[in-house]
Amino acid sequence: MKTTGDQFLVKKINKSIVLDTIREHSPISRAAVSKMTGLNKGTVSSLVQELIDNGLILEIGTGKSSGGRKPVMLLFHETAGYAIGVELGVSSIRTILTNLNGDMIEEDQRPLDTTDQDQVIERLFSAIQAMIERTPSSRYGIVGIGIGVPGIVDEKGQILFAPNLDWEHVDLHTLVSEQFGLPVTIDNEANAGAVGELQYGAGRSASNIVYISVSEGIGTGIMIGGELFRGAAGLSGEMGHMTIEANGRKCRCGNKGCWELYASASAHPNFDFKTLLRMASDGDADGIRGFYEIGEYLGIGISTIINTFNPELIIIGNQISRAERYITSAIQQTVASRSLSYHRKHTTIRFAQLETRSTLLGAAYYAISGFFSKDRATLV
Ligand SMILES: [Zn+2]
């Protein structure tokens with residue numbers, strides 16, 4: 001019996017390798033899959049047939065032949081299922097629908113004018129439900145829901161603390177799974193953003209990345225060797241609450257002088273972000289100076305990140321990307337004067353390639369990768 005169990009496991013792993021190869025290199029021939037994976041042609045053929053029967057692979061026309069019979073090409077069936085990505089923000093709920101390749105099919109945004117837990121959750125449910133109703137029919141339907149939240153999330157998907165929503169101990173994972181009966185992943189929005197940029201955006205060629213999500217607050221997603229660094233209890237990355245002014249303003253987290261009070265999109269003492277953007281685009285001196293100061297404070301924190309992690313890439317994302325042109329020079333100048341030169345030399349600072357959708361696409365990726373993980377029944 002032991003042998004059977006092992007064979008079953010080996011087959012599952014091989015099937016997963018074949019599927020991943022086709023997903024990454026589609027369209028591809030069976031012979032090329034065999035060459036790339038090192039699996040013999042017979043094994044590849046029988047696994048491919050099962051994947052075709054599972055509806056995850058399609059056969060199309062003929063590829064280029066190197067002489068002899070033209071091979072049939074294999075395509076990943078990206079619309080065999082769909083994923084929902086959600087960003088629960090402080091002032092909005094955003095949702096997207098993607099296919100299994102992570103291509104966005106639908107998008108929606110709803111303003112949020114309350115932080116009352118019951119009301120927010122009711123609106124979250126209704127935003128997800130609306131996206132479910134817009135999903136085209138497919139073999140696997142919606143394979144999962146990923147949600148990025150502005151707070152500290154433990155491994156079980158419980159929000160332990162979300163200072164900007166004023167929430168503590170909300171078991172969002174259970175609430176959403178019970179409501180929709182689908183696999184759910186909850187993560188901090190900056191972690192999800194880092195994953196989004198690594199999979200689909202500016203971070204695709206890098207493996208040591210710090211993604212800085214700057215909106216009402218600041219969160220960071222730290223990628224070391226291509227993996228999220230989560231810390232002992234999954235709580236790492238709360239750099240928005242590192243002290244930047246020893247006797248600074250009081251923060252909702254209990255500390256004072258936190259980085260996000262000076263460097264976030266809502267850091268200006270007199271103007272909100274939208275107003276500041278309008279002022280700066282009109283050439284108003286206060287607007288331009290306001291962003292310059294935010295940029296300087298961002299640069300101070302980024303210098304510490306560069307000195308600490310020696311990352312190859314820092315990606316600045318979320319709302320603040322809309323102010324890129326007004327803050328870039330302040331960030332660059334501050335980092336040039338404050339970070340250690342040896343560290344700085346190896347670090348590139350960029351804005352998110354997915355603009356304000358890094359978290360949404362990262363959240364959808366959680367759902368997709370869960371569907372394709374080796375323990376899923378689909379691969380049996
Ligand atoms: Zn704080």
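How exposed is Lys 11, in terms of relative accessibility? At 35%, Lys 11 counts as partly exposed (buried is under 20% relative accessible area, exposed is over 50%, and partly exposed is in between, with a 1.4 Å probe and protein chains only).

A few notes before the views. This is a predicted model, where local features need pLDDT of at least 70 and side-chain atom pairs count only at pLDDT 80 or more, while totals for chains, interfaces and linings use all residues. Residues are numbered from 1 along each chain as its sequence is written, and side-chain values use heavy atoms, with hydrogens and water left out.

**View 1. Lys 11 in helix H1 and its contacts.** Lys 11 is found in helix H1 (helices are DSSP runs of H or I with at least four residues, strands are runs of E with at least two, and both are numbered from the N terminus). Skipping neighbours within four places in sequence, Lys 11 is in contact with Leu 47 and Glu 50 (contact means heavy atoms within 4.5 Å). Look for Thr 43 as well: its C-alpha atom is separated from that of Lys 11 by 9.2 Å, with the two residues 32 apart along the chain.

**View 2. Helix H2 packing with helix H3.** Two packed helices are described by the angle between their axes and the distance between the axes. Here H2 (residues 30-37) and H3 (residues 41-53) pack at about 120°, with axes 9 Å apart. The axes are lines fitted to C-alpha atoms, for helices over the stretch in contact, and the angles run from 0 to 180 degrees between N-to-C directions. H2 passes H3 in a right-handed crossing (the near helix is turned clockwise from the far one by less than a right angle; anticlockwise would be left-handed). On the H2 side you'll find Arg 30, Ala 31, Val 33, Ser 34 and Thr 37, and they meet Lys 41, Val 44, Ser 45, Val 48 and Ile 52 in H3. The residues of this contact divide into five nonpolar, three polar and two charged (Ala, Val, Leu, Ile, Met, Phe, Trp, Tyr, Cys and Pro count as nonpolar, Asp, Glu, Lys and Arg as charged, and the others, Gly among them, as polar).

**View 3. Ser 34 of helix H2.** Ser 34 has 10% relative accessibility, so it counts as buried. Not counting residues up to four places away in sequence, Ser 34 touches Leu 39, Asn 40, Lys 41 and Val 44.

**View 4. The zinc site.** The protein donors are His 241 (ND1), Cys 251 (SG), Cys 253 (SG) and Cys 258 (SG), lying 2.0 to 2.3 Å from the zinc ion. Donors are N, O and S atoms within 2.8 Å of the metal (3.2 Å for Na, K and Ca), and water is not among the atoms, so sites may look incomplete. Angles among the four donor atoms are 103 to 119°, and the site is tetrahedral (for four donors, all angles lie between 85 and 135 degrees). In sequence, the donor residues are spaced H-x9-C-x1-C-x4-C. Cys 251 is buried at 7% relative accessibility, and Cys 258 is buried at 0%.

**View 5. Ile 212 in strand S12.** Ile 212 sits in residues 209-214 and has a relative accessible area of 0%, so it is buried. Leaving aside neighbours within four places in sequence, its contacts include Ile 218, Trp 259, Ile 302, Ile 305 and Ile 316.

**View 6. Thr 359 in helix H12.** Thr 359 belongs to the helix of residues 358-372 and is buried, with a relative accessible area of 2%. Apart from neighbours within four places in sequence, Thr 359 is in contact with Glu 87, Gly 148, Glu 189, Ala 192 and Gly 193.

**View 7. Backbone oddities at Pro 27, His 169 and Glu 355.** Most residues other than glycine have a negative phi, and most peptide bonds are trans. A cis peptide bond joins Ser 26 and Pro 27, with omega about 0°, and Pro 27 is in the loop between helix H1 (2-25) and strand S1 (28-29). His 169, in strand S10 (residues 167-170), has a positive phi of about 50° and is exposed at 54% relative accessible area. Glu 355 also has a positive phi, near 50°; it lies in the loop between strand S16 (348-351) and H12, and is exposed at 52%.

Definitions and conventions:
Tetrahedral: all angles 85-135°; square planar, octahedral: opposite > 155°, others 65-115°.
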